[in-house]
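Me: Before I take the labels on this model at face value, I would like to go through them and hear the reasoning behind each one.

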Amino acid sequence: PTTTTTSGTQVRRADMLNLALTIDVNAAKQQKTMVTALDAHHLKLNHVSKPAEVGHWIFRVLGVLDVKDPVYENYEPPSKVSRLHLHFWDTLIRYKPRHILSAAAISLGRVDLTANIVPTSPVLVMYVIFDRLSLLLLDDAKFARPLPHDNPAAEGFVSVMTDSRLELTLRTCSEPGPGPAMEIDMGNDSLAVGVCADSLPCLLDIINHYLDGQDLKEPPPPRSRRRRQQQPQ
């Protein structure tokens, strides 16, 4: 597909989705290595978590791409290592927490995610790079102005971070032990956050709500109001 720029020139647009898969079997080591690369452009995602779901969406995506071997009688398959390379370009992610009024929108110029999956290991390590990262917040989602195009700023969202670069190392462990179930190391080359008296509490509420897994919990029951009995005078 092609698109026309303001100067009238024809520019070829990148395909929205590209998928590459390679499999290498080492008979001497009885090991199979599968490499999956996914390249996606112009994604629009709505992040939603429900109590019936287990874990966050990124782990379900990794589970789908981690292809399982068929089971045959009297056959022992080789050990497997899966390597995933996910690349997202020009992506917009919307997030509306379940139990608070605030909402967030994340605009990403580029996302690179790399992970090695070993089925026999309880440890998963992912490396994620966010480039040209912009974060926008809305105090109360009911005041959002719905528009036909995806422009959070025009809908009432306030920008608190623009054109930043962030690198994350995420380590999870599925086995119980003395260490944490999840560790996150963060580094940045260029990260600028500007908040005001309203947007700072909004940002902290959204971060705490997400990290505490509140989306996966049912809201507390409303308190019953007891009528005060009038005492006879």
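Reply: We can start with Leu200, keeping in mind that this is a predicted model. Leu200 has a relative accessible area of 38%, and since partly exposed covers the range between 20% and 50%, Leu200 is called partly exposed.

Me: Where is Leu200, and what makes Leu200 part of a nonpolar patch on the surface?
Reply: Leu200 sits in helix α2, which spans residues 199-211. A patch takes residues with over 30% relative accessible area and no salt bridge, and joins nonpolar side chains within 5 Å; at 38%, Leu200 passes the accessibility cut-off. Its partners in the patch are Met186, Leu191, Val193, Val195 and Leu204, and the accessible area of the group together is about 500 Å².

Me: How do you know whether Lys32 is buried or exposed?
Reply: The relative accessibility of Lys32 is 14%, and because buried means under 20%, Lys32 counts as buried. Lys32 belongs to strand β4, and, leaving aside neighbours within four places in sequence, the residues in contact with Lys32 are Ile23, Asp24, Val25, Asp69, Pro78, Ser79, Lys80 and Val81.

Me: Why is Lys44 called exposed?
Reply: Lys44 has a relative accessible area of 61%, and exposed means over 50%, so Lys44 is called exposed. Lys44 lies in strand β5, and its contacts, again without neighbours within four places in sequence, are Leu92 and Asp150. Between Lys44 and Ile93 the C-alpha to C-alpha distance is 6.0 Å, although 49 residues separate them in sequence.

Me: What makes β4 and β6 a pair of strands, and in which sense do they pair?
Reply: Two strands pair if there are at least two bridges between them, and β4 and β6 (residues 79-95) have eleven, in the parallel sense; one example is Val35, which stands opposite Arg83 in β6. By the same rule of at least two bridges, β5 and β6 pair over four bridges, also in the parallel sense, with His47 opposite Tyr95 in β6. Strand β7 (residues 103-117) pairs with β6 in the antiparallel sense over 13 bridges, and there the bridge partner of Ser82 is Ile117.

Me: How do you know that Asp112 and Arg110 form a salt bridge?
Reply: Side chains of opposite charge can pair when their charged atoms come close. The closest N and O atoms of Asp112 and Arg110 are 2.0 Å apart, and because the cut-off is 4 Å, the pair is a salt bridge. Asp112 is buried at 14% relative accessibility, and Arg110 is buried at 17%, both values being set against the limit of 20%.

Me: What about Asp131 and Arg110, and what does that salt bridge tie together?
Reply: The closest N and O atoms of Asp131 and Arg110 are 3.6 Å apart, which is within 4 Å, so a salt bridge is assigned here as well. Asp131 lies in strand β8 and Arg110 in strand β7, so this pair ties together parts that are 21 residues apart in sequence. Both residues are buried, and salt bridges that share partners join Arg110, Asp112 and Asp131 into one network.

Me: Why is Glu167 called partly exposed, and which residue does Glu167 meet in a salt bridge?
Reply: Glu167 meets Arg165, at 3.3 Å from N to O. Its relative accessibility is 32%, and because that value falls between 20% and 50%, Glu167 counts as partly exposed. A search of the whole structure finds four salt bridges, including the ones discussed here.

Me: How do you know that Cys196 has no disulfide partner?
Reply: The closest cysteine sulfur to that of Cys196 is in Cys202, at 9.4 Å, and because a disulfide needs sulfur atoms within 2.5 Å, this is too far for a bond. The search of the whole structure likewise finds zero disulfides. Cys196 has a relative accessible area of 44% and Cys173 one of 23%, so both are partly exposed.

How values were computed:
Residues numbered from 1 in each chain as written. Predicted model: local features only at pLDDT ≥ 70, side-chain atom pairs only at ≥ 80, totals over all residues. Heavy atoms only, no water. Patch = residues over 30% accessible without salt bridge, like charges linked within 9 Å, V, L, I, M, F, W, Y side chains within 5 Å. Areas by Shrake-Rupley, 256 points an atom, 1.4 Å probe, with all protein chains shown as cover. Salt bridge = Lys/Arg side-chain N within 4 Å of Asp/Glu carboxyl O. Helix = DSSP H or I, 4+ residues; strand = E, 2+ residues; numbered from the N terminus. Buried < 20%, exposed > 50% of the residue type's maximum accessible area, 1.4 Å probe, protein only. Contact = heavy atoms within 4.5 Å.
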